[in-house]
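Trainee: I've got a model open and I'd like to learn how to read its sheet, helices and core. Where do we start?

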Amino acid sequence: QQIRLIQSYFTRPKNIVYLPGAERTLIVTADNKNIYINNLQDIKQQLQKIDRLKQYYPDLGQLKEIDLWSLDVSRIIVRK
C-alpha cells in the first residue's frame with residue numbers, strides 16, 4: 001500500500017528502494033533527487049512536506065537530497 005502511494009505521487013521515478021531494517025524508502029526522482037521517507041510514519045504527511053517545498057522553497061530545483069523524516073513533523077533536511 002505504501003509503495004502504491006509513493007508511485008502515485010512521483011511521476012516516473014528512476015528508482016524506489018526499500019531499505020530493510022531501517023524501515024525507510026529511497027526514491028530517486030526523474031531529475032535525480034534522492035528523497036528519503038520513513039515507512040513507520042505517515043507517508044501522506046511526509047509527501048505533503050514536498051508540496052510545501054514546491055510552494056515555498058524557490059531553490060527546489062537545485063536540491064539533490066530531501067530527507068522528510070529525520071527531524072520533526074514540520075522540518076526537513078535538504079542538501080544541494
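Mentor: With pairing: two strands pair if DSSP finds at least two bridges between them. Strands (E, at least two residues) and helices (H or I, at least four) are DSSP runs, numbered from the N terminus. Here L19 stands opposite R24 in β2. β1 and β2 (residues 24-28) pair in the antiparallel sense over five bridges.

Mentor: Some housekeeping: this is a predicted model, where local features need pLDDT of at least 70, side-chain atom pairs count only at pLDDT 80 or more, and totals for chains, interfaces and linings use all residues. Residues are numbered from 1 along each chain as its sequence is written, and side-chain values use heavy atoms, leaving out hydrogens and water.

Trainee: What order do the strands of the open sheet have?

Mentor: In general, strands of a sheet pair through backbone hydrogen bonds, either parallel or antiparallel. This one has five strands in the order β1-β2-β3-β4-β5, with mixed pairing. Its edge strands, each pairing on one side only, are β1 (15-19) and β5 (77-79).

Trainee: And which residues have the most contacts inside the largest nonpolar core?

Mentor: A nonpolar core is a set of buried Ala, Val, Leu, Ile, Met, Phe, Trp, Tyr and Cys residues joined through side-chain atoms within 4.5 Å; buried means under 20% relative accessible area (1.4 Å probe, protein chains only). The largest has 13 residues, and F10, I35, I37 and I66 have the most contacts inside it. Two or more residues each come from β3 (34-38) and α2 (43-56); α2 gives the most, with four.

Methods. Buried means under 20% relative accessible area, exposed over 50%, partly exposed in between (1.4 Å probe, protein chains only).
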